[in-house]
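Could you take me through this structure step by step, with a reason behind each answer?

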Amino acid sequence: MPTHAAELVFDEATKQYPGRPEAAVDRLSLTVPAGEICVLVGPSGGGKTTALKLVNRLIALSDGDIRIDGSSILEHDLTELRRSIGYVIQQVGLFPHMTVEANVATVPRLLGWSRQRIRERVAELLDLVGLDHAADGRRYPAQLSGGQRQRVGLARALAANPPLMLMDEPFGALDPIVRGRLQDEFLRLQGELRKTVVFVTHDIDEAIRIGDRIAILRQGGRLAQYDTPERILREPADDFVAQFVGADRALKALALRTLGELELAPPDDGGSAAALPAETTLRDALAFLVAEHADRVGVVDGDGRALGVATREQLLGDPGSTASPAGGGGGSAGAGAGST
Amino acid sequence: MIPLLGAGPVIPNFGEGSSCERTNGWFCGSWLSGHWGDTLQPALLQHVELSLVAVAIGFAIAALLAVAGFRRRLVDAPVGAFADFLYTIPSLALFQLLVPFTGLTETTVEIALVSYTLLILYRNMVEGLRAVPAEVLESARGMGLTRVQTFVRVELPLAAPAVVAGLRIATVSTISIATVAAFVIPKGLGYPIFIAINQNLFKTEILAAGGLAVALALAADALLSLLQRALTPWSRA
């Protein structure tokens, strides 16, 4: 099935509940380019879920506009609009009285697809999200684990191949191990599907891991910063953003790069026995050096062949971090860690 | 009941049946085989009919009220209170209260029986519809199900266990209350009991008819519990 993604534009989008002094979402303007993941993140009360629900009109706009591929959401028929947007929520909300297959088939059925086409699509989707459609398809939601349920939720949202996905803390209720696995698989899926995704979370680490761009919302639904994860970490727009991303933002920035991206020194023979795979993040590599009381570590490719050597100075002296105020933080964190 | 009893014969007369019947033994098999065809079987069938009609009408009325009331407090509060009120009227009194209006007719009996089903059926339907989890409704809305589609495809099937649970209670209690209908019309399993009481407490007939009423209630309950299982394969997951 050919996939296509839509550009999403918030244009001064505002939600004001009557009788409340503060807006829930205040003149939010941002553009999510087609095929990118925009993470809405912020403290509770920041209006991130409200902003998300404005898009499929589960909450009505008070003012401003939201456009999908240039056309206003207000011009669409409400049910057609919703059927054309994938929607995933934290509690999943699977229909408990329907099998996994029937749940995934919900929107295609509403759209009147043929039985044959629905059956093929459901099987394809369950495979895509890592479920066994022969075994799991006939089961009921109560028979699944939390992680499996959210996989079904994701498959259901993708069923009619929507150009836009809204995801409201989809992994928020899962334990850290399952959450990490689903995040990875979601990114792998997104690599194939290239949907436009709006993803709400309150977890800045998840935002950094998932997002192509991050929109940080502050109390009263105002946009504090909208930028790539790198720039949010290295150049927070103000104290609020700096505080929200955390004092360890320099370390978090290290997590955005891998050993393979460094200019490695040539492999040395027998110098360092320990070696890490090239896809290890700089943050994990630094943690490894600290734990091993080492100054350098070998880097190997997927087949275990030596690619070179990374030094502690290289990890800390990553030009991206020294060029910004965050570099000082990174340096001191490294020094502190080195003395333990 | 007292004047009716007083109207009976003073000297015990248990007819010319077997010795068991003449001495009013606890349970006479001979009477049972002799009167199944002319007394018990017709009474049983009438009883089934009285109960079935009452539960069916009650179900239809309760369903309409529940659909109107489960989202609207303004409807639910007065409907609930009225159903409560009907339920509190003693059945014997309600039958007697209705006689001046609808006479000694089946209508009188059905009105009373239906009244007693309403509370149980209505409350169970409303609770079942309201118990549908909020996240399930939100995902239904988010996927573009209309109000009607959400009701038919999601809320109704999810409310089914509670609805059938109410149906079971209403059916069993209707079968039980329907014996009192004999005070108004000569029908149902209450009628042979009524006759036997007037014939100096003829024990076999009372036990046979009463036992049939109990058996009918149990059978109906078992049947509905099968229906409940059939409707909700997912709840055994």
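What follows is a set of questions and answers on this predicted model.

User: What radius of gyration does chain A have, and why does that value agree with a compact globule?
Analyst: Along its principal axes, the C-alpha trace of chain A spans about 65 × 55 × 35 Å. For 340 residues, a compact globule would have a radius of gyration near 20 Å, and the value for chain A agrees with this, as it is 22 Å.

User: How many helices and how many strands are there in chain A?
Analyst: The chain has 340 residues, of which 42% count as buried. Among its contacts between residues at least 6 apart in sequence, 66% join residues at least 24 apart. The count of elements in chain A is 16 helices and 13 strands.

User: Which strands lie at the edges of the open sheet formed by three strands of chain A?
Analyst: Strands of a sheet pair through backbone hydrogen bonds, either parallel or antiparallel. In this open sheet of chain A the order is β11-β12-β13 and the pairing is mixed, with a twist that averages 35° from one strand to the next. An edge strand pairs on one side only, and in chain A that holds for β11 (275-277) and β13 (306-311).

User: Which residue is the bridge partner of A:L276 in β12(A)?
Analyst: Strands β11(A) and β12 (residues 296-300) of chain A run parallel and are joined by three bridges. Within β12(A), the bridge partner of A:L276 is A:V299.

User: At about what angle to β12(A) does helix α13 of chain A run?
Analyst: Helix α13, which covers residues 282-292 of chain A, lies across β11, β12 and β13 of that chain. Its direction relative to β12(A) is given by an angle of about 135°.

User: Which helix gives the most residues to the largest nonpolar core?
Analyst: In soluble globular proteins, nonpolar side chains tend to be buried together. The largest nonpolar core here has 141 residues, and those that touch the most other members are A:V39, A:L40, A:V198 and B:Y122. Leaving aside neighbours within four places in sequence, A:L40 is in contact with residues including A:V198, A:V200 and A:L217. The most residues, 13, come from helix α6 (residues 106-130) of chain B.

User: How many nonpolar residues are on the side of chain A that touches chain B?
Analyst: Between the two chains, 18 residues of chain A are in contact with 15 residues of chain B. On the side of chain A, the elements that give two or more residues are α2 (78-83), β6 (85-89) and α4 (106-110). That side also has seven polar and two charged residues, and its nonpolar residues number nine.

Methods: Residues are numbered from 1 along each chain as its sequence is written. Chains are lettered from A and ligands numbered from 1 in the order in which they are written. This is a predicted model: local features need pLDDT of at least 70, side-chain atom pairs count only at pLDDT 80 or more; totals for chains, interfaces and linings use all residues. Two strands pair if DSSP finds at least two bridges between them. Helices (H or I, at least four residues) and strands (E, at least two) are DSSP runs, numbered from the N terminus. Axes are lines fitted to C-alpha atoms, for helices over the stretch in contact, and angles run from 0 to 180 degrees between N-to-C directions. Two residues are in contact if their C-beta atoms, placed from the backbone, lie within 7 Å. A nonpolar core is a set of buried Ala, Val, Leu, Ile, Met, Phe, Trp, Tyr and Cys residues joined through C-beta atoms within 7 Å. A residue is buried if 20 or more other C-beta atoms lie within 10 Å of its own, exposed if 12 or fewer, and partly exposed in between; C-beta atoms are placed from the backbone. Ala, Val, Leu, Ile, Met, Phe, Trp, Tyr, Cys and Pro count as nonpolar, Asp, Glu, Lys and Arg as charged, and the others, Gly among them, as polar. The radius of gyration is taken over C-alpha atoms; the globule rule is 2.2 Å times the number of residues to the power 0.38.
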